[in-house]
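Reader: I've just opened my first protein model and I feel a bit lost. Could you walk me through how to read it?

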Amino acid sequence: MAADTNLELDIQGADERLGKNILAHLGTLPQTEVQRRAFLFNVEDAVFAALQSMGYYHGELEQQLQQKDKKPWRLSLKLTPGQPVRLAWVDIRFLGDMLQDKAFDSWLQGQPLKPGDPLNHGRYEEVKSELSTLALSRGYFDADFSKAEIKVNRDLNLAFISLHFNSGTRYHFGEVSFNGHSLEPQLLEQLVPFDSDSPYGTRELGQFNGALQETGYFSGIKVLPELAHASEQHVPIRVELTPKPDHTIELGLGADIGSSSDAAIEPRVRVTWRTPQINRFGHSQETSVEWSPDRPKFLTTYTLPLSHPLNDQLILRLGLLRDKYGVTQEYNVADDSYNNTGQLESSTRLLGVRRQQRLQNRWYYSYSVDYMREFYTQSDTQYDPRYLLGGISFQHSRRNDTSLDPKGGFRQFYSLEYADPMLGSTVRLARAMAKFKWIDTFFDKHRLVARVDLGANWVPQGDEPLVPPSLRYFAGGDQSIRGYGYQELGPFINYTTDEGVPARQVVGGRFLTVASLEYQYYLTPEWRLATFVDGGNAFDLRQFEPAMSVGGGVHWISPIGPIKLDLGFGVRETDTIPSSWRIHLTMGAEL
């Protein structure tokens, strides 16, 4: 039933699709008497046009009009569509260079016009449009239909479709020109994913645009095929570029709130300074300074393109970092319990160089050398070991779409690091890590996110205290086990302080196993609810105490990525951490 102030319309005998098609042909219901007269005059023609467009050539229509004083008139339409006209044959023929193009073979296999199906004029027009669009996207700019017709035999209730399409000659890519930049031309030419004189395709242009975006040099990119200047079936490509500002400053704010080993509210302020293009060779830098009462950090990276601006980069790093780990507790005789007195604190100086390459199969491979010196006090003993770490890593990410909130995907990361006294390190150390994250969406509104983190250290027995905290394994935090503070979980040692007081300290473990499973439900495309369970811990061979948390949260899919507010509860007490809760506010894509 559709109603308006001037005319009420009632359609009987039509299914949902046919009813919607009839309403579309009838148009907007009238609001004035003049519009009503015109509407009623055209009803029959519009209804039969709607029926025939969906293959019903033998339909019958009964109209009943009720005229009312000072009230909307009522028009009842009773339909008998009859049997639809069916396709007897579909004759699709190709001519021209497209006969050697496999993309059209794939399209032909999937096109919806099949003998025996009801005739649908709308679907016929969609097929024509799809074929023309595919031809244009693959460089057949002179393509045209030499024959495109539908013949209907009403007596036999059959239709005959003929589509003869001549693609003509396929065009090729011509010269590529760049405007609006100050980079070395060779740097940009390496980003072109096609050779001059290769067959034209919009997919290649999309890849080209994506590569230019990924460099981070430009705020505006236009990749323009100049069809008006095509010569001898070659299309020149003009690229208009707008560089990013020379310098950008980004401010980030955050806080960690909860009740565990440290019940205080810890604010965080991060300032990031970026220079996307330093010189004509495409060098760039990023410097971040993070302030928090206990974890200030300074880190700067300088990136140099090598053989390719995206697929081969040299990255230099310099950092001054201070961090806290675990919890330190002293025994209180009066309470017969351990009370928190602080955490394991460390200060790190870091200088590193890494070469990162993207392989043909979309894997990232990197090898690195990092020099680090770390200062910390453990069990009232001061340490300052030096390490020269050589490492290799492999990582790969697959996303089902390019949005900031992908419907599905899988990420995997593997790394190996080694340090040896013969190369200047305090002790011999080997490290291995593996990380996995899987996302899948089912039934549109239901989403699962699973995560597994694994790690292992090998160090000679007795040298464990000389492994700095930043190279050990801890658990806890929004990227680990929620409900607990950042890096507060792990194995502990017992010792006696210089004052003779029994104490214990969480010092981290040689191994790490953490897993998480989260279910998310979309209330709207921009808002979702989540519930999760996290578990695992850092541990040593003789000391494994699993921790577990449960919780939930609200996520907003903002234009800059998901912003997640989660509340986690630790459901198992450990020897050093009682049952705790934690509010976690995070932002950023999950893959």
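**Reading the model step by step**

Author: Let's start with one residue: Lys324 sits in strand β15, residues 312-332. Helices (H or I, at least four residues) and strands (E, at least two) are DSSP runs, numbered from the N terminus. Keep in mind that this is a predicted model, where local features need pLDDT of at least 70 and side-chain atom pairs count only at pLDDT 80 or more, while totals for chains, interfaces and linings use all residues. Residues are numbered from 1 along each chain as its sequence is written, and side-chain values use heavy atoms, with hydrogens and water left out.

Reader: Okay. Is Lys324 buried or exposed?

Author: Buried means under 20% relative accessible area, exposed over 50%, and partly exposed in between (1.4 Å probe, protein chains only). Lys324 has a relative accessible area of 12%, so it is buried.

Reader: And which residues is Lys324 in contact with?

Author: Contact means heavy atoms within 4.5 Å. Leaving out neighbours within four places in sequence, Lys324 is in contact with Asp294, Arg295, Gln343, Leu344, Glu345 and Gln487.

Reader: Let's do sheets. What is the strand order in the sheet that holds β5, β6 and β7?

Author: Two strands pair if DSSP finds at least two bridges between them. Here the order is β5-β7-β6, in an open sheet with mixed pairing. The edges are β5 (86-95) and β6 (144-153); each has a single partner strand, so one side of each is left without a neighbour in the sheet. Averaged, and ignoring direction, neighbouring strands of this sheet are turned by 5° against each other. Axes are lines fitted to C-alpha atoms, for helices over the stretch in contact, and angles run from 0 to 180 degrees between N-to-C directions.

Reader: How many bridges join β6 to β7?

Author: Nine, and the two strands run antiparallel, with β7 covering residues 158-166. To find your place, look for Asp144, which stands opposite Asn166 in β7. Then look for helix α4 (residues 121-137), which packs on the sheet and touches β5, β6 and β7. The direction of α4 makes about 170° with that of β6.

Reader: Can you pick out a residue in that sheet for me?

Author: Sure, try Leu163 in strand β7. Leu163 is buried, at a relative accessible area of 1%. Not counting residues up to four places away in sequence, Leu163 touches Asp91, Ile92, Arg93, Tyr124, Val127, Lys128, Phe145, Lys147 and Ala148. For a sense of distance, the C-alpha atoms of Leu163 and His25 are separated by 26 Å, and the two residues are 138 places apart along the chain.

Reader: Now helices. At what angle do α3 and α4 pack?

Author: Helix α3 (residues 102-110) packs with α4 at about 165°, and their axes are 11 Å apart. Angles under 35 degrees count as roughly parallel, over 145 as roughly antiparallel, 65 to 115 as roughly perpendicular and the rest as oblique. That makes α3 roughly antiparallel to α4. In the contact, Ala103, Phe104 and Trp107 of α3 meet Val127, Glu130, Leu131, Leu134 and Ala135 of α4.

Reader: How do α1 and α2 compare with those labels?

Author: The axes of α1 (residues 16-26) and α2 (residues 33-53) come within 8 Å and cross at roughly 135°, and these helices are therefore oblique to each other. On the α1 side, the contact includes Leu18 and Ile22, and on the α2 side, Phe39 and Val43 are among the residues involved.

Reader: Which strands pair with β4?

Author: Strand β2 (residues 7-12) runs parallel to β4, joined by six bridges, with Gln12 opposite Lys78. Strand β3 (residues 60-66) pairs with β4 in the antiparallel sense over seven bridges, and Gln64 has Ser76 as its bridge partner. β3 and β4 form a hairpin with six residues between them, and Lys70 in the turn has a positive phi of about 60°. As for cover, six of the eight residues of β4 (73-80) are buried.

Reader: What does UniProt list for residues 8-81?

Author: An unreviewed UniProt entry lists "domain: TamA POTRA" there. UniProt positions are given in the numbering used here, feature names are shortened, and annotations may be inferred rather than shown by experiment. In the model, that span is 43% helix and 27% strand, and its end C-alpha atoms lie 22 Å apart.
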